[in-house]
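Here are a few notes to read alongside the structure. Keep the view open and find each residue as you go.

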Amino acid sequence: MIPNPDPESLINRNQVIIGGTITDLASPRYTPAGLMIAEFKLSHYSNQQEAGIQRRIEFEFEAIAIAETAEKIIRIGSGSNVEITGFIAKKNRLSNQLVLHVRDTRII
């Protein structure tokens with residue numbers, strides 16, 4: 001069981017800032033309350049130093065944006081290079097698959 005940490009504790013941090021290209025942008029859908037949801041993938045490519053060795057990093061992962069952030073993702077569109085700020089959560093309560101929940105994005 002994962003402990004419920006003090007909200008001010010460092011262990012409670014869950015923030016991701018990553019750059020990449022929006023791919024597989026699905027048509028927007030809406031919650032019963034009328035909030036837009038944008039689901040897409042982000043392709044990331046970079047060079048990173050690890051133990052003094054240069055590594056080429058390439059991966060793709062799922063992301064989701066809601067409300068105004070979803071509208072912004074839809075306007076930016078597939079194929080755009082962006083920097084995304086968000087947090088990681090399970091796709092749904094029955095899944096262990098992780099998804100990046102986007103809080104903000106900007107074109108880079």
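**Notes on the strands and an aromatic pair**

1. Let's begin with F59, in this predicted model. F59 counts as partly exposed, because its relative accessibility is 36%, and partly exposed covers the range between under 20% for buried and over 50% for exposed.

2. Does F59 have an aromatic partner, and which one? A search of the whole structure turns up one aromatic pair. That pair is F59 with F61: the ring centres are 5.7 Å apart and the planes meet at 35 degrees, so the pair is tilted. The reasoning is that planes under 30 degrees apart would count as stacked and those over 60 as edge-to-face.

3. Now look at strand 4, residues 53-66, which runs antiparallel to strand 3 and is joined to it by 14 bridges. To find your place, start at E39, whose bridge partner in strand 4 is I64. In the hairpin of these two strands, two residues lie between the strands, and A51 has a positive phi near 55 degrees.

4. Strand 3, residues 36-50, also pairs with strand 1, residues 16-23, in the antiparallel sense, over three bridges. Here you can look for I22, which has L42 in strand 3 as its bridge partner.

5. Finally, strand 2, residues 29-30, pairs with strand 3 over two bridges, again in the antiparallel sense. R29 has I37 of strand 3 as its bridge partner. The hairpin of strand 2 and strand 3 has five residues between the strands, and G34 takes a positive phi near 90 degrees there.

Definitions and conventions:
Residues are numbered from 1 along each chain as its sequence is written. This is a predicted model: local features need pLDDT of at least 70, side-chain atom pairs count only at pLDDT 80 or more; totals for chains, interfaces and linings use all residues. Side-chain values use heavy atoms; hydrogens and water are left out. Two strands pair if DSSP finds at least two bridges between them. Helices (H or I, at least four residues) and strands (E, at least two) are DSSP runs, numbered from the N terminus. Rings of Phe, Tyr and Trp (its six-membered ring) pair if their centres lie within 6.5 Å; planes under 30 degrees apart count as stacked, over 60 as edge-to-face and the rest as tilted. Buried means under 20% relative accessible area, exposed over 50%, partly exposed in between (1.4 Å probe, protein chains only).
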